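Open your viewer and get ready to click along. We will go from stop to stop, with something to select at each one.

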Amino acid sequence: METAKAPVYVVLVTGKVKPGQMGKFKEVFKPLADHVTEHEDGCLSYQLSVSETSPDELCIFERYVSKEYLEGVHWQSEPFKKFGAACRELDLWEGKTVAKYWEEGPGAYGFMAAASDAHCLPGRLAAWLAAGAHPWRARALTPPPS
C-alpha cells in the first residue's frame, strides 16, 4: 500500500440515479470497486453510500495518495472506463456532481493513526492499516454492536 507523501486528495461524487435503478447501479459499480480494492494501492478509501431517506441518492467517497494517482491510474483503468460506459449506455444517472478536495487538519484518520492502545478500535485499526491493509476492508475488524 502506498503512503501519501503530500496531502491526501479527496473526491466526493454525489448524485441521484434514475428511479428504481440503484440495484443496476450497484451491479455495474461492483467490478470497479473490486478492482480498486484489489489493484489500486494508491487509493486509500473507496466507498459507495446510499441515502437513508432517498433510495436513489448516493455518494462515493474516494481518497488518493495524490491527484496524479487519481488522474493517471484510477481514471485510466479499464474498469473505470467500463463503469462510465455502462452508466451512459444504461442511462443510469439522473444527475451527479464531482467535488475535489485536499485533506487538511485533524480528522478521524489522524486520530486513528495516533492511537497506540491495541485494545481500542482506533488502535487496532491503526495497527491493521500499518500492516498494509486497505481502510475499506476495516468493517471486518469487529462485529457490529448487538
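Start by selecting aspartate 91, which is partly exposed, with a relative accessibility of 43%. Keep in mind as you look that this is a predicted model.

**Stop one: a partner for aspartate 91**

Which residue forms a salt bridge with aspartate 91? Select lysine 18: the closest N and O atoms of this pair are 2.5 Å apart. The two residues come from distant parts of the chain, 73 residues apart. Lysine 18 sits in the loop between strand S1 (9-17) and helix H1 (22-39), while aspartate 91 belongs to the loop between H3 and strand S4 (93-102). Lysine 18 is partly exposed too, at 28% relative accessible area. As a general point, side chains of opposite charge can pair when their charged atoms come close.

**Stop two: along helix H1**

Now select lysine 30 and aspartate 34. Their side chains meet in a salt bridge, with 2.7 Å from N to O. Why can these two reach each other along the helix? They are four residues apart in helix H1, so about one helical turn separates them. Check the surface here as well: lysine 30 has a relative accessible area of 47%, which makes it partly exposed, and aspartate 34 is partly exposed at 30%.

**Stop three: arginine 63 and glutamate 103**

Next, select arginine 63 together with glutamate 103. This pair also forms a salt bridge, and its closest N and O atoms are 2.7 Å apart. Once more, distant parts of the chain are linked: arginine 63 lies in strand S3 (residues 57-64), and glutamate 103 lies in the loop between S4 and helix H4 (108-114), 40 residues apart. Is arginine 63 buried or exposed? Its relative accessibility is 5%, so arginine 63 counts as buried. Glutamate 103, at 29%, is partly exposed. In total, the structure holds four salt bridges, and our tour has visited three pairs, lysine 18 with aspartate 91, lysine 30 with aspartate 34 and arginine 63 with glutamate 103.

**Stop four: colour by confidence**

Finally, colour the model by pLDDT. The protein averages 80, and 69% of the residues score at least 70. Where is confidence highest, and where is it lowest? Helix H3 (residues 78-89) has the highest mean, 98, and helix H5 (residues 121-130) the lowest, 46.

Select residues 111-129, where pLDDT stays under 50 and the model has 26 contacts beyond four places in sequence. Then try residues 134-146, also under 50 throughout, with 29 such contacts. Where pLDDT is low, the predicted coordinates should not be read in detail.

Methods:
Residues are numbered from 1 along each chain as its sequence is written. Side-chain values use heavy atoms; hydrogens and water are left out. pLDDT is the predictor's confidence in each residue, from 0 to 100. Contact means heavy atoms within 4.5 Å. Buried means under 20% relative accessible area, exposed over 50%, partly exposed in between (1.4 Å probe, protein chains only).
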